[in-house]
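Colleague: I would like to learn to read this model. Please take me through the features one by one.

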Amino acid sequence: MTSQDMTSKDTDKVASGWINGFIGVLVFSGSLPATRVAVADFDPIFLTAARASIAALCGLALLLVFREKRPTRQDLGSLLVTALGVVVGFPLLTALALQHIDAAHSIVFIGLLPLATAIFGVLRGGERMRPMFWLFSCLGSLLVAGFALMQNSGASMTGDLLMFAAVLVCGLGYADGARLSRRLGGWQVISWALALSLPLMLPLSLALLPSDWGGIGAPAWFGLFYVSMFSMLIGFIFWYRGLAQGGIAAVGQLQLLQPFFGLLLAATLLREPVGWQMVLVTLAVILCVAGAKRFARA
């Protein structure tokens, strides 16, 4: 095989990574609007437990069908952190937050998720950052905090704090999950993390079953289906495959597009108002995160 053939294959692999990563971001962009619809009729704790249980059963089926090897004892710590971050923490905190704020308002906070992941990458991996990284980091945080405090409608201090917490735990889960995916594989990591949470989530979901099924509308059922199958499992299959093919740092920047897609979905599907101030803040936050990424390495 010639070097030209190898270069062509590498280029195709990178291009495939970007495509898979883009599909993953599109899937994740519907998570907050779908959660907003679901919590209108479902208890947020039940929603968190149910989506994790449904996705875990499907993930376990995939692991059995493909006969994946079990993680080692050394992997259990990172799997637990991943489960607490992306299986339990982020879904629960966002479901609670969306009882106080609308989906369009919450999506602004998602612009900080790549930055949170990078920060936990520093804390967990011991990487050194340039001073400009911290400048962009602080600017982005100040923009989001200022926007949240200055809103007069659709805002809630409780909802904002819950969204901040959701971004933090999700960033931690992404950082540990990405590190572990180099060894176990991307979709395998989320499947094992889901399986690890099943002994807790399945009994919890059964204990919190709704008492009145007739009062649950079709939109809430669709929201539960979306966050269980797409947000919790299918999105991660494309996302982690893209990270593995195109590189975590490069393809990971596609997540900066998520607020745009999320705002569009909130405006078109939920008929929620998206003011020009929200759009400008989202753009500014994305620029700050992109700048922080640019100066990430010392």
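Modeller: Start with confidence. The protein chain averages a pLDDT (the predictor's confidence in each residue, from 0 to 100) of 85, and 91% of the residues score at least 70. This is a predicted model, so local features need pLDDT of at least 70 and side-chain atom pairs pLDDT 80 or more, while totals for chains, interfaces and linings use all residues. Residues are numbered from 1 along each chain as its sequence is written, and side-chain values use heavy atoms, without hydrogens or water.

Colleague: In which helix is confidence lowest, and in which is it highest?

Modeller: Where pLDDT is low, the predicted coordinates should not be read in detail. Confidence is lowest in helix α11 (residues 248-252), at a mean of 68, and highest in helix α3 (residues 44-65), at 96. Helices here are DSSP runs (H or I, at least four residues), numbered from the N terminus.

Colleague: Which residues of α12 are buried?

Modeller: Buried means under 20% relative accessible area, exposed over 50%, partly exposed in between (1.4 Å probe, protein chains only). In α12, Q258, P259, G262, L263 and A266 are buried. Seen down the helix axis, they fall within an arc of 130° (directions from the axis to the C-beta atoms), so they line one face of α12. L264 and L269 are exposed on the other side.

Colleague: What nonpolar patch is there on the surface?

Modeller: Patch residues have over 30% relative accessible area and no salt bridge; nonpolar side chains (Val, Leu, Ile, Met, Phe, Trp, Tyr) are joined within 5 Å. Here F22, L26, L257, F260, W276, V279, L280 and L283 make a patch of about 690 Å². α13 gives the most, with four residues. F260 is found in α12 (residues 258-269). F260 is partly exposed, at 34%.

Colleague: How many salt bridges are there?

Modeller: Side chains of opposite charge can pair when their charged atoms come close. The rule is a side-chain nitrogen of Lys or Arg within 4 Å of a carboxyl oxygen of Asp or Glu. The count comes to two. In one, R183 pairs with D75, the closest N and O atoms being 2.4 Å apart. R183 lies in α8 (residues 157-184) and D75 in α4 (residues 73-97), so the pair ties together parts 108 residues apart in sequence. R183 is exposed, at 51%, whereas D75 is buried, at 2%.

Colleague: And what is the distance between D176 and R179 at their closest N and O atoms?

Modeller: That salt bridge has them 3.4 Å apart. Being three residues apart in α8, D176 and R179 are separated by about one helical turn. D176 is buried, at 0%, and R179 is partly exposed, at 35%.

Note on methods
Patches are made of residues with over 30% relative accessible area and no salt bridge: like charges are joined within 9 Å, nonpolar side chains (Val, Leu, Ile, Met, Phe, Trp, Tyr) within 5 Å. Accessible areas come from the Shrake-Rupley method with a 1.4 Å probe; for residues, only the protein chains shown count as cover. Helices (H or I, at least four residues) and strands (E, at least two) are DSSP runs, numbered from the N terminus.
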